[in-house]
Amino acid sequence: MTLDDIRDRCHIDDDDHWIWKGALSDGKWPRIWAPDHTKDGSPMVVQTGRRAVWHVSTGKPIPARWRVYGTCDVDRCLNPKHMECGTTTDWGAQVQKSGVHSGSIRRQTASRQ
């Protein structure tokens, strides 16, 4: 699996979002068979699209307790320029900055608890 293979399975829109046309988890999140560099021997496994893109594009493992998250608001976007790898705190700051959950009663209730 290469980054070109992933890109070829996406629709590229005018904003340079790579919108995944393949398998989805929960009808929303891309799922890709790709090497997982966080495991010994980098075996091929099914993983979330963003993790797969990170592994394929960098050839590096994702540090323990870190996540790969989107910096755009398109759930199926797999453009490596539209994602970052960081801590849960980093991801939370990105979510807050984007305002994606503003107005969500469920999220507001969870935050208050």
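Threonine 38 sits in the loop that joins S4 to S5. In this predicted model, threonine 38 is partly exposed, at 35% relative accessibility. Setting aside neighbours within four places in sequence, threonine 38 touches Arg51, His55, Pro61 and Ile62. Two of these partners, Arg51 and His55, fall within the residue range of H2, 49–58. Glycine 59 follows H2 and has a positive phi, near 70°. Between threonine 38 and glycine 59 the C-alpha distance is 10.0 Å, with 21 residues separating them in sequence.

H2 itself is a good place to go next. Its buried residues are Gly49, Arg50, Ala52, Val53, His55 and Val56. They pack against one helix, H1 (3–8), and against the strands S4, S5 (44–48), S6 (66–70) and S7 (83–87). His55 thus appears twice: it is buried in H2, and it is a contact of threonine 38.

Now step back to the whole chain. The protein has four helices and seven strands. Read from the N terminus, the order of elements is α-β-β-β-β-β-α-β-β-α-α. Of the 113 residues, 29% are buried. Among contacts with a separation of 6 or more, 33% join residues 24 or more positions apart. The accessible surface is about 7,300 Å², and carbon and sulfur atoms account for 47% of that area.

What lies inside? The largest nonpolar core holds 14 residues. Ile6, Cys10, Trp20, Ile32 and Leu78 have the most contacts within this core. Four elements each supply two or more residues to the core: S2 (18–20), S4, H2 and S7. H2 gives the most, with three residues.

Isoleucine 6 shows how distant pieces of sequence meet. Beyond its neighbours within four places in sequence, isoleucine 6 is in contact with Met1, Trp20, Ile32, Val53, Val56 and Leu78. Val53 and Val56 are both buried residues of H2. Trp20, Ile32 and Leu78 are listed with isoleucine 6 among the residues with the most contacts in the core.

Met1 also leads outward. With Trp33, Met44 and Val46, Met1 forms a nonpolar patch on the surface. Together these residues have about 380 Å² of accessible area. Trp33 belongs to S4, which spans residues 29–35. S4 therefore has a part in both settings, since two or more of its residues go to the core and Trp33 of the patch lies in this strand, where strands are DSSP runs.

Next come the cysteines. How many disulfides does the structure hold? It holds zero. Cysteine 10 is in none, and the nearest cysteine sulfur, in cysteine 77, is 7.9 Å away. Cysteine 10 is buried, at 7% relative accessible area. Cysteine 72 is partly exposed, at 21%. Why is cysteine 72 not bonded to cysteine 77? Their sulfurs are 3.8 Å apart, which is too far for a bond. The cut-off for a disulfide is 2.5 Å.

Cysteine 72 and cysteine 77 share a neighbour in histidine 82. Histidine 82 is located in the loop between S6 and S7. Is histidine 82 buried or exposed? Histidine 82 is buried, because its relative accessible area is 15%, under the 20% limit. Apart from neighbours within four places in sequence, its contacts are Asp15, Asp16, His17, Tyr69, Gly70, Thr71, Cys72 and Cys77.

One of those contacts, aspartate 16, has an unusual backbone feature to check. Its phi is positive, near 65°, in a residue other than glycine. Aspartate 16 lies in the loop between S1 (10–12) and S2. Aspartate 16 is partly exposed, at 31%. Arginine 65 likewise has a positive phi, near 65°. Arginine 65 lies in the loop between H2 and S6. Arginine 65 is exposed, with a relative accessible area of 76%.

Last, the charged pair. The whole structure has one salt bridge. The side chains of lysine 28 and aspartate 75 form it, at 3.6 Å from N to O. This pair links distant parts of the chain, 47 residues apart. Lysine 28 is in the loop between S3 (24–25) and S4, and aspartate 75 is in the loop between S6 and S7. Lysine 28 is partly exposed at 38%. Aspartate 75 is partly exposed too, at 30%. The loop between S6 and S7 thus carries both aspartate 75 and the buried histidine 82.

Conventions:
Residues numbered from 1 in each chain as written. Predicted model: local features only at pLDDT ≥ 70, side-chain atom pairs only at ≥ 80, totals over all residues. Heavy atoms only, no water. Patch = residues over 30% accessible without salt bridge, like charges linked within 9 Å, V, L, I, M, F, W, Y side chains within 5 Å. Areas by Shrake-Rupley, 256 points an atom, 1.4 Å probe, with all protein chains shown as cover. Salt bridge = Lys/Arg side-chain N within 4 Å of Asp/Glu carboxyl O. Buried < 20%, exposed > 50% of the residue type's maximum accessible area, 1.4 Å probe, protein only. Contact = heavy atoms within 4.5 Å. Core = buried A, V, L, I, M, F, W, Y, C linked by side-chain atoms within 4.5 Å.
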